[in-house]
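The following paragraphs lead through one structure, from its charged pairs to its strands, its nonpolar interior and its aromatic rings. Please keep the sequence and the model in view while reading.

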Amino acid sequence: MALNARLDHRNPLVFDTHELGRRPGALQRLTRTVDAPKDFGIRGVIGVPEGAPVELELRMESVMEGVLVTGTARARAEGECVRCLEPVGLELEADFQELFSYPDADDRGRVIAEPGDDAEDDEDRFFLEDGLFDLEPLLRDAVVLALPMQPVCQEDCPGLCSECGARLADDPDHHHDAADIRWAALQGLADSLQSGDKDETSGAEAGVDEKQEK
């Protein structure tokens with residue numbers, strides 16, 4: 001990841017490491033509750049609603065290369081069951097760990113002339129900017145990994161009826177009488193024969209009535 005640009009210390013997901021210092025081994029713990037950002041989860045499937053509280057527990061440790069951030073995020077995620085489409089809610093707990101590098105040090109802690117000399121390496125790294133780091137990208141990745149790709153309301157959810165869409169969990173005995181297609185043609189023929197017999201009977205009765213009138 002390239003150097004962050006103009007981080008705002010007022011952003012609740014931006015953290016300041018100045019108090020930690022750069023002495024290797026220095027440690028700082030903190031907790032913070034923030035509002036969930038927009039699209040926080042798996043879009044269209046399940047996620048933490050925008051503005052919902054997210055509890056953060058962080059452990060920041062100074063190392064030679066930068067600041068090692070280890071933490072846990074807790075929140076309530078909401079979505080819908082992929083089988084029956086009923087609302088689903090679950091308590092989310094996502095763990096994460098990442099090294100935020102000093103912009104003037106390589107992966108061995110050695111000072112380098114300019115950060116970003118190796119573009120490919122920088123794409124996979126997070127950097128501190130003026131002692132600040134943005135937790136949001138890391139947090140988003142951790143939340144997505146912690147969420148189920150196919151949430152269900154219960155492990156044995158039977159889903160919906162393929163014929164009428166009824167929720168099968170509400171009616172375990174739900175079923176439809178299905179006619180065997182092999183008998184469908186014969187059933188049609190039987191119906192036509194019955195109709196023909198009725199027509200002939202009606203004609204015969206009409207003839208009898210005419211003779212009686214004469």
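D39 is partly exposed, at a relative accessible area of 40%, where buried means under 20% relative accessible area, exposed over 50% and partly exposed in between, computed with a 1.4 Å probe on protein chains only. The side chain of D39 meets that of R43 in a salt bridge, 2.9 Å from N to O; the term denotes a side-chain nitrogen of Lys or Arg within 4 Å of a carboxyl oxygen of Asp or Glu. R43 counts as exposed, with 69% relative accessibility. The model is a predicted one, in which local features need pLDDT of at least 70 and side-chain atom pairs count only at pLDDT 80 or more, while totals for chains, interfaces and linings use all residues. Residues are numbered from 1 along each chain as its sequence is written, and side-chain values use heavy atoms, with hydrogens and water left out.

By the rule given above, there are 7 salt bridges. Side chains of opposite charge can pair when their charged atoms come close. One such pair is R74 and E57, whose closest N and O atoms are 3.2 Å apart. Because R74 lies in strand β6 (residues 66–80) and E57 in strand β5 (residues 53–62), this salt bridge ties together parts that are 17 residues apart in sequence. Both partners are partly exposed, R74 with a relative accessible area of 29% and E57 with 40%. Strands such as these are DSSP runs (E, at least two residues), as helices are (H or I, at least four), and both are numbered from the N terminus.

A further salt bridge joins E91 to R76, with 2.8 Å between the closest N and O atoms. E91 belongs to strand β7 (residues 87–101) and R76 to β6, so that the pair ties together parts 15 residues apart in sequence. E91 is exposed, at 61% relative accessible area, whereas R76 is partly exposed, at 41%. In addition, salt bridges that share partners join E57, R74 and E93 into one network.

How are the strands that carry these side chains paired? β5 and β6 run antiparallel over 8 bridges, two strands being paired if DSSP finds at least two bridges between them. They form a hairpin with 3 residues between the strands, and L58 has G71 in β6 as its bridge partner. On to the next strand, 15 bridges join β6 to β7, again in the antiparallel sense; here E78 is partnered by G89 in β7. The hairpin of β6 and β7 has 6 residues between its strands, and in this hairpin L85 takes a positive phi near 70 degrees. β6 also pairs with β4, antiparallel over 2 bridges, and I46 stands opposite G79 in β6.

The nonpolar interior involves these strands as well. A nonpolar core is a set of buried Ala, Val, Leu, Ile, Met, Phe, Trp, Tyr and Cys residues joined through side-chain atoms within 4.5 Å. The largest has 34 residues, and those with the most contacts inside it are V48, V54, L56, V69, F96 and L135. At least two residues each come from β3 (40–42), β4 (46–48), β5, β6, β7 and α2 (136–146), and β6 gives the most, with 5 residues. V69 has contacts (heavy atoms within 4.5 Å) beyond its neighbours within four places in sequence, among them L58, M60, F96, F100, F133 and L135. A second, separate core of 5 residues includes C81, V88, V152 and C157.

Aromatic rings form a further set of links. A search of the whole structure finds 3 aromatic pairs, meaning rings of Phe, Tyr and Trp (its six-membered ring) with centres within 6.5 Å; planes under 30 degrees apart count as stacked, over 60 as edge-to-face and the rest as tilted. The F15 and F133 rings are stacked, because their planes lie at 15 degrees, with the centres 5.5 Å apart. As F15 lies in strand β1 (residues 14–16) and F133 in strand β9 (residues 132–134), the pair ties together parts 118 residues apart in sequence. F15 is buried, at 1% relative accessibility, and F133 is buried at 0%. F133 also pairs with F100 in a tilted arrangement, 4.5 Å from centre to centre with 35 degrees between the planes. That pair links F100 in strand β7 to F133 in strand β9, 33 residues apart. Together, ring pairs link F15, F100, F126 and F133 into a cluster.
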